[in-house]
Amino acid sequence: MAARPVGMEDAMAGLLELVPVPIWVCAASSRRILAVNRAAIEAYGHARETFIGLQAGELCPPEERERFGRFLSEVEQVGSAGGTGAVWVQRKKDGGVLTVEIHAHAAGYEGGPAILVFARDITDELRALAALRFGQERFSLIASATSDAIWDWDFASDGLWWSESFCTLFGYRPGSENQSFASWEQAIHPDDRDRVARSIRRCRDQGIETWREEYRFRRADGSYATVLDRGRMVRDSRGEPYRMVGGMTDITEQSRLHAQLMRTQRVESIGTLAGGIAHDLNNLLGPVLLALDLLRPHVRDVEGERLLATIESCTRGGADLVRQVLAFARGGDGKRRPIQLRNLIREAARFASDTFPRHIAVRSEIAPDLWTVEVDHRQINQVLLNLALNARDAMPSGGCLVFSARNAREADSPAGAGECIQPGEYVKISIADTGTGIAPENLHRVFEPFFTTKEVGQGTGLGLSTVHSIIREHRGFVQIESTLGKGTIFHVYLPAVPEAVPADSPPVPAVNSSGDGRSILLIEDEP
């Protein structure tokens, strides 16, 4: 029996059956479904027998049927409708729903007018877009909530995206941030630039998963922040790296505190070492001074007396240096009494005026109503003399040295380098000079033991560290104001005891040069 020839209508029906998009045909007048393809059966869940004969509106939820009917009427009138934007929610046989994008066209079917409907299922597509939108919103919220500057570096374009926090951290205007790898690289401190750029390029070229560097990054005002920068590689579907994302944290304050802690630990270590050396050196100097007193009666000539005087002067200078080291190492342990600082400051000013070169003018400005302080007057005198000598050395060509003192009620830390002043009542002593000043990079180191900017042999580096140690032992504070070429002011804050009655300075005990036949028990650990 010969096969029946395949007509155009049969060919189209076979073609539509193979199309993976759900397709169904409904009569133009009755809206009854006349034909469906396999994809529609799979999408809606109806068997072909039950699908054919349904009203087109039955594929929609009840609340959408009227609007869907108007949509099909429009198709009848204009010939086609739908496409992008014509999104409908439709019902499946099991009660579930699917979201479809409908394209509809007027057509003829089995000799009558009909409507051909293409219903592309976009349920998974919308779900993926919603997930992507949610992820983008979540990333945006996280990026704006964190204090880090989040970045995204695209290798192909060399473009660099920054989160809004970048502007907050470094003071840039929105839209003016470094939006390329080259601009970011130029904002790195010149001393760090080669190291950091080489490191991140090596990470990109070798496909290293993570990157981490600490460096200095330029703010909008030209200053530099210390930052900790981290990045992680992003790979495409083939496993090839094509992007890197990361975050930059401003650790300027943490770095400053860490450096301060390290300096404190270094000072403590040096203090422990210096204390042990000073004790041993003191043991060595004691016999020298004793021997000088025993030798003096046996020396008759002037040259011998001069040599003994030189030896004694040098030895006592060494002993003074030992006392400074011990004061730094263990702090002052002298007896403290309530005193008025007025006389101490005047004596220090008089000493400076009598002994300093004549081209250094010395004056004092002391408030008449100074509060009482409870101090060891010998140690405070040492503080004043050390600061005065430091000022003298800073004025090799002459200048002016001013001692001043006044009462101070501090609510917070005043301006200047040094320590923060805790709120309270203080007597504030200021020693100001018009000398060479201190370089800004050295201000934070001036109280370190053995640190000095003087020539070799002209300073031990213990004067200011001793000042700092003594004042801290008295629960006080020291601050510095200095300008290169204009001079320096040291402000010493000593806690005031306004209600205390000043005591007279203890008299220096008289030295009895006669042994009167008494014996001395000497215990010494040196042979």
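**Exercise 1. Find which residues form the nonpolar surface patch and say which helix gives it the most.**

*Solution.* Start with the members: V87, L126, L129 and L132 make a nonpolar patch on the surface, and together they have about 320 Å² of accessible area. A patch here takes residues with over 30% relative accessible area and no salt bridge, joining nonpolar side chains (Val, Leu, Ile, Met, Phe, Trp, Tyr) within 5 Å and like charges within 9 Å. The areas come from the Shrake-Rupley method with a 1.4 Å probe, and for residues, only the protein chains shown count as cover.

Next, the helix. Helix α5 (residues 123-145) supplies three residues, the most of any element. Helices (H or I, at least four residues) and strands (E, at least two) are DSSP runs, numbered from the N terminus.

Last, check one member. L126 sits in helix α5, and at 35% relative accessibility it counts as partly exposed. The scale goes like this: buried is under 20% relative accessible area, exposed is over 50%, and partly exposed is in between (1.4 Å probe, protein chains only).

A word on the model before you go on: it is predicted, so local features need pLDDT of at least 70 and side-chain atom pairs count only at pLDDT 80 or more, while totals for chains, interfaces and linings use all residues. Residues are numbered from 1 along each chain as its sequence is written, and side-chain values use heavy atoms, with hydrogens and water left out.

**Exercise 2. Work out what surrounds E17, and whether E17 is buried or exposed.**

*Solution.* First, place the residue: E17 is in helix α1 (residues 8-18). With a relative accessible area of 19%, E17 is buried.

Second, list the neighbours. Leaving aside residues within four places in sequence, E17 is in contact (heavy atoms within 4.5 Å) with V36, N37, R38 and R48.

Third, look at the polar side. The E17 and R48 side chains share a polar contact of 2.8 Å, and the E17 side chain also reaches the backbone nitrogen of R38 at 3.4 Å. A polar contact is a pair of N or O atoms within 3.5 Å; within protein, one must be able to donate a hydrogen and the other to accept it, and residues adjacent in sequence count only if both atoms are side-chain atoms.

Fourth, add the charge pairing. R38 and E17 meet through their side chains in a salt bridge (3.8 Å, N to O). R38 lies in helix α2 (residues 38-44) and E17 in helix α1, so the pair ties together parts that are 21 residues apart in sequence. R38 itself is partly exposed, at 45% relative accessible area.

**Exercise 3. Count the salt bridges, then describe the one between E303 and R306.**

*Solution.* The rule: a side-chain nitrogen of Lys or Arg within 4 Å of a carboxyl oxygen of Asp or Glu. By this rule there are 25 salt bridges.

Now the pair. The closest N and O atoms of E303 and R306 are 2.4 Å apart. E303 and R306 are three residues apart in helix α10 (residues 302-330), which means about one helical turn separates them. E303 is partly exposed at 41%, and R306 is partly exposed at 46%.

For a linked case, go to D192, R195, E213 and R216, which are joined in a network of salt bridges.

**Exercise 4. Describe the largest nonpolar core and find where L387 and L494 make their contacts.**

*Solution.* A nonpolar core is a set of buried Ala, Val, Leu, Ile, Met, Phe, Trp, Tyr and Cys residues joined through side-chain atoms within 4.5 Å. The largest one has 41 residues, and L341, L401, F403, I429 and L494 touch the most other members. Helix α12 gives the most to this core, with six residues.

Take L494: beyond residues up to four places away in sequence, L494 touches several residues, including L341, V373, I380 and I429. Apart from this core lies another of 26 residues, among them W24, A40, F51 and A86.

Then L387, found in helix α12 and buried at 2% relative accessible area. L387 touches I431, L464, V467, F490 and V492, again not counting residues up to four places away in sequence. The C-alpha atoms of L387 and L464 are 7.3 Å apart, with their positions 77 residues apart along the chain.
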